[in-house]
Protein chains: 2
Amino acid sequence: MVYQLYYWPTIPGRGEFVRLALEEAQAQYVDVARTRNGTRAMMKLMKEAATPSFAPPFLAAGDQVIGQTANILLFLGGAHGLAPRAQAGRLWVHQLQLTIADLVAEVHDTHHPISSSLYYEDQKKEAKKRAAAFLAERVPKYFEYFEGVLARVGKGGYLNGAKLTYADLSMFQVIEGLRYAFPKAMARIEPGYPRLAALRELVAARPNIAAYLASKRRIPFNEEGIFRHYPELDV
Amino acid sequence: MVYQLYYWPTIPGRGEFVRLALEEAQAQYVDVARTRNGTRAMMKLMKEAATPSFAPPFLAAGDQVIGQTANILLFLGGAHGLAPRAQAGRLWVHQLQLTIADLVAEVHDTHHPISSSLYYEDQKKEAKKRAAAFLAERVPKYFEYFEGVLARVGKGGYLNGAKLTYADLSMFQVIEGLRYAFPKAMARIEPGYPRLAALRELVAARPNIAAYLASKRRIPFNEEGIFRHYPELDV
């Protein structure tokens with residue numbers, strides 16, 4: 001099976017959570033929008049699939065088209081051993097992923113607190129307020145939660161214990177993204193959460209992930225994506 | 001099996017999406033935080049469960065504690081016939097639910113665009129801007145998407161065709177909530193989406209749902225929840 005991943009071609013964004021899972025699993029995939037006329041094909045399939053998507057990313061697996069990042073990972077986790085087989089474990093990992101998704105949505109809103117269709121410059125004043133609250137309250141709250149999960153499961157260092165799941169890959173990406181967007185604030189916040197920092201190292205050191213990160217397939221963070229570095233928001 | 005639902009006792013909020021599924025399925029459940037000392041029990045289990053939750057709602061099913069609204073519905077959908085049995089259909093309905101969850105998060109941010117820990121009154125100016133953008137752009141975009149899904153699946157009137165799923169129950173709740181929060185704007189917007197209005201009617205007329213809505217178990221919308229009626233935001 002060769003998957004087709006559909007996501008915006010120039011940003012890591014939400015597509016990156018899917019890419020990391022595909023890369024770790026060494027699944028074969030085409031990153032469609034990065035091919036010729038790929039973005040046009042994406043917009044067409046998004047609307048015309050039997051199961052249309054509200055927004056990218058979505059993944060075609062044969063005839064099936066699956067949308068919503070966490071839902072794609074639920075599918076890939078089952079198909080490629082990136083989640084427990086038993087239902088209870090599968091739901092637990094999905095719960096973690098959905099909590100990560102909530103955090104990611106809050107990251108986006110630090111630079112777009114009023115409207116996605118306005119430029120950042122037109123909501124910069126509000127963005128400063130929202131980013132300050134996000135860094136002071138929300139990041140510590142989420143990190144405390146995930147650090148607690150890591151402390152509870154104990155040995156192994158992954159969120160579900162000894163074995164990596166797609167939620168670990170996503171947590172890695174969130175930490176990378178937050179470091180990119182808010183280097184000063186993260187330098188202050190991160191030392192309080194050593195298990196999360198260790199998880200990031202574990203993921204980065206996995207051979208498939210390390211090879212991917214060093215490749216051209218990995219799109220650098222930039223100011224069009226979810227994790228944006230605006231120095232004035234990094235307080 | 002008697003489930004224990006854990007959610008804030010005085011608001012419909014995200015717990016209501018779970019309640020609607022439990023009620024439609026005629027599942028037995030205790031709404032724990034609405035019992036004596038229940039909120040204290042909720043806060044304790046939230047942190048101390050083997051699978052802790054970031055926030056309510058969560059559902060105890062025997063020894064298993066499941067968090068994240070859409071994840072609880074994924075579980076209940078499988079256990080009570082509120083979702084297709086085959087994987088492709090199950091993922092499709094979950095995709096719809098996750099898109100509804102995104103919309104619900106945006107509703108919350110209309111009255112809290114800067115920070116959840118500030119009072120509404122302290123972010124009212126920003127709330128007016130965000131609510132205006134939400135009603136002008138986001139509600140029509142989401143409604144167009146779901147109206148398109150209903151048009152595509154055709155006969156039956158439910159999001160997945162002839163048979164009700166938990167996503168229909170959630171869509172009903174979103175429409176009810178938006179009508180409560182933004183009556184003027186919804187009176188203007190809704191006529192453009194007749195299939196969604198018909199879906200709302202179909203769900204409201206289901207015997208188990210109708211009985212539930214008429215009961216004291218149904219918590220009225222209010223200004224502590226996600227869907228709040230602030231006339232100044234209803235433009």
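Two exercises on a predicted model follow, one on a sheet in chain A and one on the contact between chains A and B.

Local features need pLDDT of at least 70 and side-chain atom pairs count only at pLDDT 80 or more, while totals for chains, interfaces and linings use all residues. Residues are numbered from 1 along each chain as its sequence is written, and chains are lettered from A and ligands numbered from 1 in the order in which they are written.

**Exercise 1.** Give the strand order of the open sheet in chain A, find its edges and describe the hairpin of β3(A) and β4(A).

Solution.
1. The order is β2-β1-β3-β4, with mixed pairing; strands are DSSP runs (E, at least two residues), numbered from the N terminus, and two of them pair if DSSP finds at least two bridges between them.
2. β2 (28–31) and β4 (64–67) of chain A each have a single partner strand, so they stand at the edges, with one side of each lacking a neighbour in the sheet.
3. β3 (residues 58–61) of chain A pairs with β4(A) in the antiparallel sense over four bridges. F58(A) has G67(A) as its bridge partner, and A61(A) stands opposite Q64(A).
4. Two residues lie between the strands of this hairpin, where G62(A) takes a positive phi near 65 degrees.

**Exercise 2.** Describe the side of chain B that touches chain A, by residue count and by class.

Solution.
1. In chain B, 32 residues are in contact with 32 residues of chain A; contact requires C-beta atoms, placed from the backbone, within 7 Å.
2. By class, this side of chain B has 15 nonpolar, 11 polar and six charged residues, where Gly counts as polar.

How values were computed: Two residues are in contact if their C-beta atoms, placed from the backbone, lie within 7 Å.
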